[in-house]
Each structure stands twice: as structure tokens, then as C-alpha cells.
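Subject: Structure handover

Hello,

Here is the structure you are taking over, followed by notes on its cavities, its cysteines and one lysine.

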Amino acid sequence: MAQVATLQSLIGGRWIGREASTPLHNALNNSLIYHTHAERIDFDEAVTYARKTGVPALMELDFQQRAARLKALALYLIGRKEELYAISHLTGATRADSWVDIEGGTGTLFAYASMGGRELPSSNVLHEGPAMALGKNGGFCGTHILVPRGGLAVHINAFNFPIWGLLEKFAPSFLAAMPCIGKPATATSYLTEAAVRMMHESGLLPEGALQLVIGSTGDLLDRLGGADVVTFTGSADTAARLRVNPNLIANSVPFTAEADSLNCAILAPDVTPDDVEFDLFVKEVTREMTGKAGQKCTAIRRIIVPENMVDAVGTRLRERLAKVSVGDPSVEGVRMGALASRDQQRDVAERVETLARGNEVLFGERDGFKLVGDGVADGAFFAPTLLLCRDGMGNDAVHDVEAFGPVSTIISYNGIDEALALAARGKGSLVSTLVTKEPAIAAYAVPVAAASHGRVLVLEREASVDSTGHGSPLPQLKHGGPGRAGGGEELGGIRAVRHFLQRAAVQGSPTMLAAVTGEYVRGARVQESDVHPFRRHFEELKIGDSLLTHRRTVSEADIVNFGGVSGDYFYMHFDDIAAKDTQFGKRIAHGYFVLSAAAGLFVSPAPGPVLANYGLDNLRFITPVAIGDTIRARLTCKRKVDRNRTDDKGVGQGVVAWDVQVTNQREELVASYDILTLVMKRA
């Protein structure tokens, strides 16, 4: 008989745990596959290691460099994904379920690497501008900055997504220079341990950036301080207990919870069984009931349908559920695997029994449930179960009790307002789906649903072509919900990174704010020289390097020629009589002519370090330019981002943002914007 392996924790840079403790079982056949370790973890060592080793090691890198590490780490994990798929199979997951967990997790790393590379500076100070004047003379200004907190992040995760759950929290906190202590749910911790071993073996993580706890968190939360952060995914009951930890309260430790919730899907009253949208609704509900065997915090638990559609929806769902093959995912044709454990199986059964009181069971174990595969009789399987509640306003259980498995309840309604009221009875949910053909219904219903849901999916035939579905949190969008759903936020693009940073207001002169933020602030001192800024390589440019151009007087010929080239013959530029009746009282130049003329004033035309202009931000036309006005521009190096990349020829590049101010002969600001350029490195 093969020896059963003991899982280990990664604490203080070393793997600990030899003595076996809690047994963990294969979800498919209940065979013993691992033990947790019995050794107690010294959480003082773990916290001290994160602060003394992890924080300095991460701070040696800037945002851009950490983003590059995330990308390299994602590539490394993808290269070893089949090892993870093999272990994920033991959790009862199908290949599709595991894809969401494994490649969804690495995809999140890729997404944050990309977003960090585009949106974060090559420093450890993130400027939340623009700066604003706080005095009449422009010498005193204020702005906001975001900086690393100098603490650690404790990430406590649920059993249903052992890899994605860790990585979607790790990615933004790593970008924010916070070392992480990950604590997976015990039942599937063996898959998290395998992923963390790979991450550790990659050599890509700075020392102390990631630690792993197998088993209990002990007194870990009692050792945290105000610079630290706790994130939690799991049941609402556990979240409620953890957030009132006396030490977390005493030290104002940020606590973010993403809890299970009774999410819903609403079939709008405009949809009939003959519509494409009806089929989309049924398919979405079926997928959410059976994907991951219903073990998703985003799964559809309440199916809210018009009273006259209850029978049609019930019939169509029963037909689809009857075709779902349940059993060992390694057998061809099996579409749904097991729950994570026998304990989970018992819990779901108890909750279904509660839900069935006063409601009808439309489909369940009695309807020909038969497992596929050898040796699966003792596995943690559960039959897809569909219930019907005809009195959603009078039945509290369907809005309070969640069976965390392949279980959902149809609830009838009369009128869209009642449907929205039923949705809100969940007391806060992660996500809701509205299936409708009518934009007017969406315009009415979505703002109401948004008050009690973290995300709202509007599904119809046009969106279905690309829709990622009800139950798929995306890195670019917020994940989380109010009330029962935890009241927290995860993901949401760079918003998630900001959650792990400390925001501070900064006041001072423009020159001082520019020095602090690493960005030019208007009014700050500039450096002018005989060398045009566009002639400097990336390394040679300094924030504040500036050029004040020569002047150009705008003529009628300029306006006529630009109109001919652009095809823009708007009356304000060409009709003298009509222009006199406007607020300007005369003809004015095209705004885009002013933009083009300014470029002609500041561009250095010869080949050089500036390779391309690839963007323009914050454009404002402020004062109109009339025939006879004289304009000039000031070009100032505003921001530099070293993306640590080279082109096809091996030449390094960086991104430079330039502040442009166009003024007239009265020193009035005519146009204001930023241009973005790729600039060659000398080295």
C-alpha cells in the first residue's frame, strides 16, 4: 500500500510538516489521498518573516518590475498546468471545472501583469491626480498618492477554487508590494499546496513574498497590525465571526469579505418560450447548476420567472438536467463531477431537505439518477436538484438557505417590480442575471437590482455571442457584493491594487508635488536647455524637461486649408454672418487645427529617440482661437514609465507622457492635453 503524503506549510522560507494529522479524501471514491500536518505553525515567525524579509524584497522592485514577474510566473504555471489538472481531478472537478480554476487563475495573473504594465508607474508611488490649486496664486496645491502599506496580506480562501481563489488575491497584492500568507480551505488544500510549490520552485518570487498555511490559522489574526490586510472568501457565517476578531477591530485592520450568496436569474416578462432568449435563460441556469457541481459562490440559486412561464421553464430545465451525466470526470461524456467532500455532501442534503418543506421538488435523485464510472459509489456526488416555490414573498427559506451544490429553486412572480423585490430578498448578492429582449426593461430593472447586487449581467441574443456568463468573475470587473455577500470588493482591474495601497493627501508647492509624485505638476519649475526634449533618450530625460516654442499667427488661409484637408466645413469656421450670432461673435479656428499647429511648433522632425506618438489624453479646448491670434506651446516631460521591454531589434523602449499647454498672445490657455510617446533607450 502506497504511503499517504503529508501536506506541508511554507513558513519562513521553508516547508514544514512531517507528522500526519487530518485525513483528506478523494471526492470521487472517498479513498485517502493526503493528510494535513500536525506540527503547530509559529505565526510570530510567519508575520515577522513577511514584514522583515518580504516587504523589503518586494520594495526593491517597482510596479512595472512586479508586473513583469507576474507575467513570467503565469507562463511558468501554464507550462506545468497538466500536473495541476491531474491533482484537480481528485477534487471531483471535470476538465472544464478545472480549467476555470487553473487557467482562470493563471489568466488573472496575465491580466494583472498587462494592466499593471499599462497603468502603473515605474516607481512605488502611484499619483491619483490631477493636482489642484488650493490658493489664488498657484503656489499651494494638493493631490493624492497611493503607496505600499508596508504590511502583509492574509488571504483566507474557500474550498471550491483552490488555485484561482489564491491567485486572484495574490496578483493585486503582489503588485502593491504586500507579501501574502495564503490559507486555503483544508478540504482541497492539496491542490493549493501543489500550485504554491510550483510558484516557490520558479525562483520568480522575491524572498518572503508568499507563505502558505495548511490547517488552522491559529493566532495569526491576533498578530496583525494596522498596516496589514485580511481578505476572506467563504460562508457569510464564517465571515461574520472573523471580522469581529478583537485585534482586527482594535487595530483597524482592513477586512474584505466575499461570501456565498443567493444569486438569482430573472426571466423578464417580455420573453416567451419561442424566443432565443428563453433558451439562453435555460442554458445559463443549467450551466450554473451543474458547473463545478454547483459549488460556486456565484451560482444561480433562485430562478425568478413570470407565473405564466413556470411550467414552461420547469419542463425545459428538467429536460436539460436529465441529459447531464454525473460521475467520474475521466469517463467520456461525464459533464458533472462530485462535491468536494462527503461532509459537503451531507451539508447539501440537509439544506435541500429544509428547502423542500413547503415547496415542490421538480427534479432530483428520484428522476433516474445514476453515477457513471467504476468505484464511485462512495464518492461525494449529489444529484442535480430543482425545486419550485409558488409563494416567494411568503417563503423565507428560499431567500435564506443556500445549498452549496447543484441545487436551485424556481420562484414565480407577477410583474417586474415583484421580481426585483424577490431578488432583493437575498439580502445582498454577488451577481444577478436579467434575460430580456427589451432595452426599456433593462433600463428600469438594472439600477434597481444594482442596489443589492455586486454585478448585473443583461443577457440576450446580441450579448450571448461573447458573454462569459453569469458565474464568471472577470479580472477587469469588480467581484463582490453588499450585505450577505460580504460587503467587499475584489478584482475590478487596478482598483484591486489600490485596495492594498495606502492613500494619502499631499499638500505643497507644484515643484514639491512634482518631486513627490514623480510627475510634472503645472506650475512646477522646469528645466529648459538648447537640446530639444525629443532629442533625448529615455534615460536622459528628466521630469520637468521643457520646451517653449516659437510663435505662430493663425490666418484665414490656415482655416481654409485645414477645412479642405479635413473636410470639416462647420459654419463656425466658414460662415462669417452665422458666427457673429454665436457666443464667440466671430469665426474661430478648428480645434484640431490648433492641435496640429501645436504639434508643428514642438515636434523635432529629424530621426531620433522619439519613435512614435501612440496616444493623447485629457484633451480640452479652453479658449477659442480667432483669425489673427498668435499661439505657441509649452511641451514638458510629465511622466516616464520604463516597461523593461525591447523591440524586434533588441532596442529598449520606455513610455513618456508629455504635458502640452497651448497659449495665445494674452497668455490665455487655449488647449491642454497629454501626448504619449515611445522613446528609445540609449543602452
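The largest cavity holds about 70 Å³ of space. Please keep in mind that this is a predicted model. In total, the structure has five cavities of 30 Å³ or more.

Cavities

The lining of the largest cavity is made up of Asn157, Ala158, Asn160, Phe161, Trp164, Gly165, Glu168, Lys169, Thr233, Glu258 and Cys297. Helix H5, residues 164–175, gives the largest share of that lining, with four residues. Sorted by class, the lining has four nonpolar, four polar and three charged residues.

The second largest cavity contains about 60 Å³ of space. Around this second cavity are Leu262, Arg301, Arg302, Leu355, Val398, Val401, Ala403, Val407, Ser408 and Thr409. Two or more of these lining residues come from each of strand S14 (300–306) and strand S19 (407–413). The largest share, three residues, belongs to S19. Here the classes are six nonpolar, two polar and two charged residues.

Cysteines

A search of the whole structure for disulfides returned zero. Cysteine 141 is therefore unpaired in the model: the nearest cysteine sulfur, in cysteine 637, is 19 Å away, while a disulfide needs the two sulfur atoms within 2.5 Å. Cysteine 141 is also buried, at a relative accessible area of 5%.

Cysteine 264 gives a similar account. Its sulfur has the sulfur of cysteine 389 as the closest from another cysteine, and because these two are 14 Å apart, they are too far from each other for a bond. With a relative accessible area of 0%, cysteine 264 is buried.

Lysine 638

Is lysine 638 buried or exposed? Its relative accessibility is 14%, so lysine 638 counts as buried, the cut-off being under 20%. This lysine sits in strand S29, which covers residues 630–646.

What does the side chain of lysine 638 make a polar contact with? The partner is the side chain of aspartate 674, at 2.8 Å. Asp674 is also among the residues in contact with lysine 638 once neighbours within four places in sequence are left aside. The others on that list are Gly518, Glu519, Tyr520, Ile543, Ala657, Trp658 and Asp659.

Regards

Conventions: Residues are numbered from 1 along each chain as its sequence is written. This is a predicted model: local features need pLDDT of at least 70, side-chain atom pairs count only at pLDDT 80 or more; totals for chains, interfaces and linings use all residues. Side-chain values use heavy atoms; hydrogens and water are left out. On a 1 Å grid over the protein atoms alone, a cavity is a set of points where a 1.4 Å probe fits but cannot get out, and a pocket is an open set with protein on both sides within 12 Å along at least five of seven lines; lining residues have an atom within 4 Å of a point. Grid points are joined across faces, edges and corners, and a volume is the space filled by probe spheres set on the points. Ala, Val, Leu, Ile, Met, Phe, Trp, Tyr, Cys and Pro count as nonpolar, Asp, Glu, Lys and Arg as charged, and the others, Gly among them, as polar. Buried means under 20% relative accessible area, exposed over 50%, partly exposed in between (1.4 Å probe, protein chains only). A polar contact is a pair of N or O atoms within 3.5 Å; within protein, one must be able to donate a hydrogen and the other to accept it, and residues adjacent in sequence count only if both atoms are side-chain atoms. Contact means heavy atoms within 4.5 Å.
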